[in-house]
Amino acid sequence: MRVFYRRRFKVNKNINKAQQGDKQAPKPLYPDLDQNLNVLHDLYKDCSDVVFRSFLIAGHTKAQLIYIKGLSNVEEMDNNVLTPLMKRAEQRSVHPKALIEQTLSVAEVVKLESFDACIEQLSVGNPLLLLEGDEQGFALGLAKWEKRAIEEPTGELVVRGPREGFTETLEVNTSLLRRRIRSPQLKMKTLKLGRYTQTAITLAYIEDLSDETLIEEINQRLKRIDIDGILESGYIEELIQDYSYTPFPQVLITERPDTAVSSLLEGRVVIIVDGTPFVLIAPTTFFSLFQSGEDYYHHFMISTATRWLRYLFCFISLLLPSLYVAIITYHHEMVPTTLLLTMVDSREVVPFPALVEAFLMEITFEGLREAGLRLPKQVGAAVSIVGALVIGQAAVDAGLVSNHMVMVVAITGIASFTIPRYNLAIPIRMLRFPIMLLAGTFGLVGIMTGLLAIMTHLSTLRSFGVPYLSPVAPMKGADMNDALIRAPLWKLKTRPHLTGEYNKYRQGSNQKPASDKGSEGEER
């Protein structure tokens with residue numbers, strides 16, 4: 001058995017070396033059509049969805065049309081490729097290449113010179129046309145496959161704002177950005193990652209707004225990825241982030257084109273992965289994760305109040321069960337006497353200490369939340385809500401938990417839903433448990449110790465070189481207008497300090513309403 005695995009490892013190693021060698025030196029096409037077909041037949045052996053169609057151009061030149069079922073538009077191939085080329089028998093003297101240029105009514109025709117290029121074009125759905133006596137092939141832009149329509153993203157709902165969301169198709173996602181930024185300064189670089197999946201990854205940024213060092217750093221991190229396949233943007237996120245051993249997200253994730261566009265206008269970089277509606281935005285900060293695209297569509301006072309509400313409920317989600325455990329266990333004097341008597345009376349029949357009671361209810365609530373996500377949409381919400389009510393009431397009647405603990409857990413669960421980014425809500429929910437353990441062991445001192453540890457950890461994190469707690473630490477006065485508060489749009493004159501050095505100002509100097517600025521406009 002050991003010898004078998006060694007031999008297998010050696011064979012795989014040789015295959016990988018051969019694949020790397022092919023990438024460095026692409027194998028060119030042969031002038032002989034039969035040789036090209038032999039190679040392609042070997043490559044696509046046992047692939048029943050790959051079709052090889054032989055025909056004669058103008059009745060005399062052998063040709064081969066190769067395509068993959070389900071990825072190519074067969075009707076267009078019949079009408080615009082096969083029928084015109086096969087019925088031009090009167091032009092036998094015309095060279096086949098010239099005949100292709102004169103006859104094919106296909107918008108995009110790409111000349112190919114290697115087998116690697118042929119495989120790449122076939123994989124994306126473009127049919128391949130090979131001619132006898134020609135060392136070049138032709139990829140025809142006739143790709144067509146089933147794709148999801150543009151819909152409102154379900155994970156980032158807004159009351160006011162665009163209803164469009166990204167889809168799983170790369171071309172659709174790039175077009176959504178191009179529709180909003182109609183400038184040639186919007187650059188998009190595409191590369192392929194994954195040994196077998198060859199997933200297309202597009203790097204989008206606005207020239208003269210994004211830091212060239214940032215673009216090069218992200219590009220280098222992407223090129224270092226060597227993996228069998230990229231199935232979702234989460235693969236990319238985990239492989240390019242600065243720190244692996246942290247629960248906090250270092251890349252912003254969004255399904256909304258307007259959020260991606262606003263980040264591009266701030267000098268950030270957007271990474272679009274084919275096959276997923278979730279795009280990545282880098283760099284990001286802790287405070288960016290509390291912002292929503294809707295903040296900029298409402299009045300700044302409303303947006304500021306909403307943002308403060310998110311910060312408040314984030315602390316409630318993290319600390320409320322721990323505070324309850326600490327007060328019940330060690331700090332009774334902090335509770336009014338009347339309320340304390342009610343709490344003692346409620347806990348009289350509970351056989352567990354407050355820490356065990358809190359762990360029991362929190363784990364049950366998280367299990368119900370996860371079950372609601374995994375169940376079919378029609379029954380998931382009903383099961384999670386009804387299950388929480390039934391189990392909570394049953395637990396109180398059985399004397400396992402107190403009424404106050406059920407209220408604490410319910411408020412904590414509601415608070416976690418106010419965090420606009422799901423990938424930030426998850427670490428907040430995770431950290432709740434060790435802080436509860438500290439609270440049950442050391443009281444309020446344990447809670448403060450846990451908070452200090454979290455703040456210390458956050459202050460050491462960076463996202464592509466940008467401090468995670470920026471603009472609060474280090475303090476950047478101008479950037480504070482869009483961190484803890486959302487200042488009026490006319491005050492957001494400059495781009496974020498760490499991404500907008502090349503083009504600092506993003507609006508004119510006279511944007512303040514006339515009733516506020518008087519007769520003279522403000523100067524920069």
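These are my notebook entries on a few features I looked up in this structure, which is a predicted model.

**Entry 1: the sheet**

I started with the strands. I found an open sheet of 5 strands, and its order is β6-β7-β9-β10-β8 with antiparallel pairing. At the edges sit β6 (186–193) and β8 (252–254), each of which pairs on one side only. I also looked up how the neighbours are turned against each other: the average is 25°, direction ignored. A reminder to myself: strands of a sheet pair through backbone hydrogen bonds, either parallel or antiparallel.

Next I followed one edge inward. Strand β8 pairs with β10 (residues 279–282) in the antiparallel sense, over 3 bridges. Which residue in β10 is the bridge partner of Leu252? I found Ile281 there.

Then I asked what lies across these strands. Helix α9 (residues 257–265) lies across β6, β7 (199–206), β8, β9 (269–273) and β10. Against β7, helix α9 runs at about 50°.

**Entry 2: unusual backbone spots**

Before this search I noted that most residues other than glycine have a negative phi, and most peptide bonds are trans. I then went looking for exceptions.

Gln198 has a phi near 50°, a positive value although the residue is not glycine. I located Gln198 in the loop between β6 and β7. Is Gln198 buried or partly exposed? Gln198 counts as partly exposed because its relative accessibility is 38%.

Asp208 is another one, with a positive phi near 75°. Asp208 belongs to the loop between β7 and α7 (212–223). With 47% relative accessibility, Asp208 counts as partly exposed.

For the peptide bonds, I found a cis bond between Ala282 and Pro283, where omega is about -5°. Pro283 sits in the loop between β10 and α10 (300–329). A cis bond also runs from Ser470 to Pro471, and here omega is near 10°. I placed Pro471 in the loop between β12 and α17.

**Entry 3: salt bridges**

How many salt bridges does the structure hold? I read off 24, and I picked some to look at.

Arg179 forms a salt bridge with Glu164, and their closest N and O atoms are 3.2 Å apart. This pair links distant parts of the chain, 15 residues apart: Arg179 is in helix α6 (residues 170–180), while Glu164 is in the loop between β5 (137–140) and α6. Arg179 is partly exposed at a relative accessible area of 47%. Glu164 counts as partly exposed too, at 21% relative accessibility. Buried means under 20%, so Glu164 at 21% does not count as buried.

Arg268 and Glu266 form a salt bridge whose closest N and O atoms are 3.0 Å apart. Arg268 counts as buried because its relative accessibility is 10%. Glu266 is buried as well, with a relative accessible area of 13%.

I then turned to Arg429 and Glu366, whose side chains meet in a salt bridge at 2.8 Å, N to O. Why does this pair tie together parts that are 63 residues apart in sequence? Arg429 lies in helix α15 (residues 422–442) and Glu366 in helix α12 (residues 354–374), so their bridge reaches from one helix to the other. Both residues, Arg429 and Glu366, are buried. I also noted that salt bridges with shared partners join Glu362, Glu366, Arg369, Arg429 and Arg432 into one network.

**Entry 4: a buried serine**

I looked up Ser303, which lies in helix α10. Ser303 is buried, with a relative accessible area of 3%. Which residues is Ser303 in contact with, leaving aside its neighbours within four places in sequence? I listed Glu294, Asp295, His298 and Arg486.

**Entry 5: a nonpolar patch**

My last stop was the surface. A nonpolar patch of about 460 Å² is made there by Trp308, Val472, Met475, Leu484 and Ile485. I checked Leu484 more closely and found it in the loop between β12 (466–467) and α17 (514–517). Leu484 counts as partly exposed because its relative accessibility is 35%. Pro471, from my cis bond notes, has its place in that loop between β12 and α17 too.

Terms used:
Residues are numbered from 1 along each chain as its sequence is written. This is a predicted model: local features need pLDDT of at least 70, side-chain atom pairs count only at pLDDT 80 or more; totals for chains, interfaces and linings use all residues. Side-chain values use heavy atoms; hydrogens and water are left out. Patches are made of residues with over 30% relative accessible area and no salt bridge: like charges are joined within 9 Å, nonpolar side chains (Val, Leu, Ile, Met, Phe, Trp, Tyr) within 5 Å. Accessible areas come from the Shrake-Rupley method with a 1.4 Å probe; for residues, only the protein chains shown count as cover. A salt bridge is a side-chain nitrogen of Lys or Arg within 4 Å of a carboxyl oxygen of Asp or Glu. Helices (H or I, at least four residues) and strands (E, at least two) are DSSP runs, numbered from the N terminus. Buried means under 20% relative accessible area, exposed over 50%, partly exposed in between (1.4 Å probe, protein chains only). Two strands pair if DSSP finds at least two bridges between them. Axes are lines fitted to C-alpha atoms, for helices over the stretch in contact, and angles run from 0 to 180 degrees between N-to-C directions. Contact means heavy atoms within 4.5 Å.
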